[in-house]
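User: Could you take a close look at one small part of this model for me? I'd like the local picture, told in one go.

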There are 2 protein chains.
Amino acid sequence: MKIDGRQTRSIWVEQDGASVGVIDQTVLPHRFATLRLASLDDAVRAIKTMQTRGAPLIGAVAAYGLWLALGADASDENLERAYAALLATRPTAINLKWALDEVMAAVRNRPRGERVAAAFRRAGEICDEDVAINQAIGRNGLRLIEEIAARKKGERVNVLTHCNAGWLATVDWGTATAPIYMAHDNGIPIHVFADETRPRNQGASLTAWELGRHGVAHTVIPDNMGGHLMQHGLVDIVFVGTDRVTAQGDVCNKIGTYLKALAARDNNVPFYVALPSPTIDFMVNDGVAEIPIEERAPDEVTLMTGKTKDGRIEAVQIVPDGSNAANYGFDVTPARLVTGLITERGVIEASRAALAKAFPERIERGAKSKVQA
Amino acid sequence: MKIDGRQTRSIWVEQDGASVGVIDQTVLPHRFATLRLASLDDAVRAIKTMQTRGAPLIGAVAAYGLWLALGADASDENLERAYAALLATRPTAINLKWALDEVMAAVRNRPRGERVAAAFRRAGEICDEDVAINQAIGRNGLRLIEEIAARKKGERVNVLTHCNAGWLATVDWGTATAPIYMAHDNGIPIHVFADETRPRNQGASLTAWELGRHGVAHTVIPDNMGGHLMQHGLVDIVFVGTDRVTAQGDVCNKIGTYLKALAARDNNVPFYVALPSPTIDFMVNDGVAEIPIEERAPDEVTLMTGKTKDGRIEAVQIVPDGSNAANYGFDVTPARLVTGLITERGVIEASRAALAKAFPERIERGAKSKVQA
């Protein structure tokens with residue numbers, strides 16, 4: 001999408017042809033800085049520290065991470081080592097494993113001399129596919145916005161979103177934001193309530209930043225506020241992204257998503273989840289019971305980073321000395337609370353039957369890998 | 001309650017006999033400072049800036065505020081002016097109006113020469129009554145904790161709370177925290193998940209502080225986390241306070257409370273609201289439609305104050321330049337989501353019938369003032 005008029009993707013191959021560039025998302029919204037990833041270690045570190053984040057983007061970075069690893073050493077041993085190191089960076093998002101498996105399939109059984117080029121090609125395809133998928137998600141979600149806009153007759157459409165499922169979390173367009181950007185670009189008056197999304201504030205720091213840079217009207221709200229807004233008719237629709245959707249349609253996403261789904265249900269506000277199909281994990285059914293939830297360092301809760309009056313970036317402690325904090329990264333919204341899944345193949349019900357019908361080839365592949373395992 | 005072993009109330013008459021002292025709650029948890037309120041203006045400012053806050057404590061401060069005003073000028077005109085100024089400080093909590101009306105009733109129709117002493121006496125009674133009420137709430141809520149403790153056979157009891165309904169919000173004991181302190185003092189192993197409570201972080205800065213100083217085990221969690229904890233059986237019971245309960249049992253409390261009530265209902269976790277009876281507003285029925293919700297300055301959302309590494313208190317900006325923020329202070333939890341109300345007269349259903357039965361004299365008084373109006 002655009003940064004103050006300039007078209008930008010969240011990941012690109014650097015001019016040297018031997019490294020990739022990403023936006024350092026840990027210093028947004030106060031600074032715009034980019035990172036050059038020139039080795040497997042660079043890619044692992046960027047994902048682990050969340051300098052680069054967002055389920056689809058992590059997949060893209062991991063794909064290029066395998067390419068970088070093969071560039072240094074194209075042996076089977078190094079390939080396996082790199083695959084394991086990248087897979088271990090983050091436990092919850094399934095796109096990571098999907099992308100690694102895609103590159104693996106592209107390079108395995110090839111002579112060493114061809115592996116680097118094959119990995120590079122597949123990583124690039126993964127990026128382009130992500131953009132195409134998000135555009136399709138955007139077109140499918142746009143219809144939902146258009147319906148509301150028609151009903152509201154020129155009044156602005158209010159969307160609530162949680163965390164950042166924006167273009168920064170993908171290669172371009174975003175998942176939850178793709179319909180929003182398309183509506184805005186088409187002249188529909190649209191306004192986004194961006195949940196702050198504690199503890200890492202991706203809503204306040206990333207979603208607000210990218211919406212602002214592209215020119216979309218938005219208001220940052222504390223995570224506590226969405227229920228009140230819905231009770232008072234101030235939210236027309238909720239769009240969120242996801243890190244993993246199970247075979248039965250349960251949705252794992254940034255911690256706090258479940259609370260917004262409950263509020264949406266209680267107030268008859270439609271609650272949609274936007275996802276590229278690589279986010280579906282057909283091997284998992286019950287999201288609450290089965291998906292591993294990442295626990296991160298307590299200092300993400302106890303410290304808050306921002307910009308001081310004189311422009312310095314500083315972290316301040318916001319809990320008493322001696323108080324502990326817990327930091328679960330994700331929660332699971334049961335399928336029963338989801339109005340629909342916006343996929344590249346259309347808006348479908350969050351159910352086993354609808355997912356299987358929309359992505360039959362994934363079911364077959366899943367069954368095959370179960371037999372092999 | 002205790003601050004590192006020393007028994008403390010949140011408000012006291014200073015040794016000069018002409019002013020009251022309160023704890024400055026805007027610099028907690030990083031500094032402990034007290035404020036001397038020597039005039040009506042001091043009291044108004046302390047409430048408005050939230051240096052002193054919490055529905056019951058605001059009532060106590062406002063009662064002493066009338067006393068301070070009368071000390072300067074005991075005329076009817078000044079009494080009315082002071083009443084209006086104090087009433088206008090905060091719009092949502094009903095205890096404020098209740099306490100002002102109590103002092104008004106005590107001084108009105110008295111000769112000017114007796115008014116100061118009468119106001120002082122009634123303000124002191126309001127404080128002592130608040131302590132007695134909270135102790136009764138504590139005893140009633142303690143039984144709920146004891147039942148859980150008996151069932152869990154020595155395993156720790158996990159309570160989730162939102163915002164600060166602790167002793168800092170009252171004169172002593174707190175409302176939601178009174179049962180917790182009593183359980184702790186009685187040797188029941190108890191642990192509190194304290195919601196951070198954005199945007200003002202009263203959970204992270206005040207609840208965590210007072211629990212820690214009294215020695216109660218606790219963990220600060222982002223507001224987003226409670227649903228996940230409940231899904232995984234990590235919360236035995238929820239205790240919150242309230243700023244106003246309607247005649248039909250709707251509960252107005254700090255923004256975000258409603259989301260926790262929804263999660264509690266969805267996971268069969270008991271959700272209790274602790275309240276002194278002055279918090280009940282028998283003149284209001286439908287909380288969502290009728291209670292005025294305070295909107296506060298956006299910079300409470302966009303700026304975050306904390307302690308830097310070198311010990312300075314600093315505010316940092318956490319949203320992009322140019323992004324707006326909304327800041328509603330409270331939301332309303334419909335009575336249907338409330339397991340029970342813990343009052344000084346027992347644990348009762350959140351319903352019109354149960355409230356009327358428990359506080360019949362308030363219904364009569366309400367009917368009388370309706371006729372007079």
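Analyst: Here's a walk through a small sheet in chain A, followed by a valine in chain B. Keep in mind that this is a predicted model.

Let's start with the sheet. It's an open one, built from 3 strands of chain A in the order β3-β4-β5, and the pairing is antiparallel. At the edges sit β3 (11-13) and β5 (34-37) of chain A, each of which pairs on one side only. Going from one strand to the next, the twist averages 25°.

Zooming in on one pairing, β3(A) and strand β4 (residues 20-23) of chain A run antiparallel and are joined by 3 bridges. Within that pairing, A:V13 stands opposite A:V20 in β4(A). There's a helix to go with the sheet, too: α2 (residues 55-72) of chain A lies across β3, β4 and β5 of chain A, and it runs at about 25° to β3(A).

Now over to chain B, and to B:V319. You'll find B:V319 in a loop of chain B, between β15 (313-317) and β16 (324-325). Is B:V319 buried or exposed? With a relative accessible area of 3%, B:V319 falls under the 20% cut-off, so it counts as buried.

As for what surrounds B:V319, leaving aside residues up to four places away in sequence, it touches A:P29, A:H30, A:A204 and A:V220 from chain A, plus B:T302 from chain B. One more distance for your notes: B:V301 is 18 residues from B:V319 along the chain, and their C-alpha atoms are 8.5 Å apart.

Notes:
Residues numbered from 1 in each chain as written. Chains lettered and ligands numbered in written order. Predicted model: local features only at pLDDT ≥ 70, side-chain atom pairs only at ≥ 80, totals over all residues. Heavy atoms only, no water. Helix = DSSP H or I, 4+ residues; strand = E, 2+ residues; numbered from the N terminus. Buried < 20%, exposed > 50% of the residue type's maximum accessible area, 1.4 Å probe, protein only. Contact = heavy atoms within 4.5 Å. Pairing = 2+ DSSP bridges. Axes fitted to C-alpha atoms, helices over the stretch in contact; angles between N-to-C directions.
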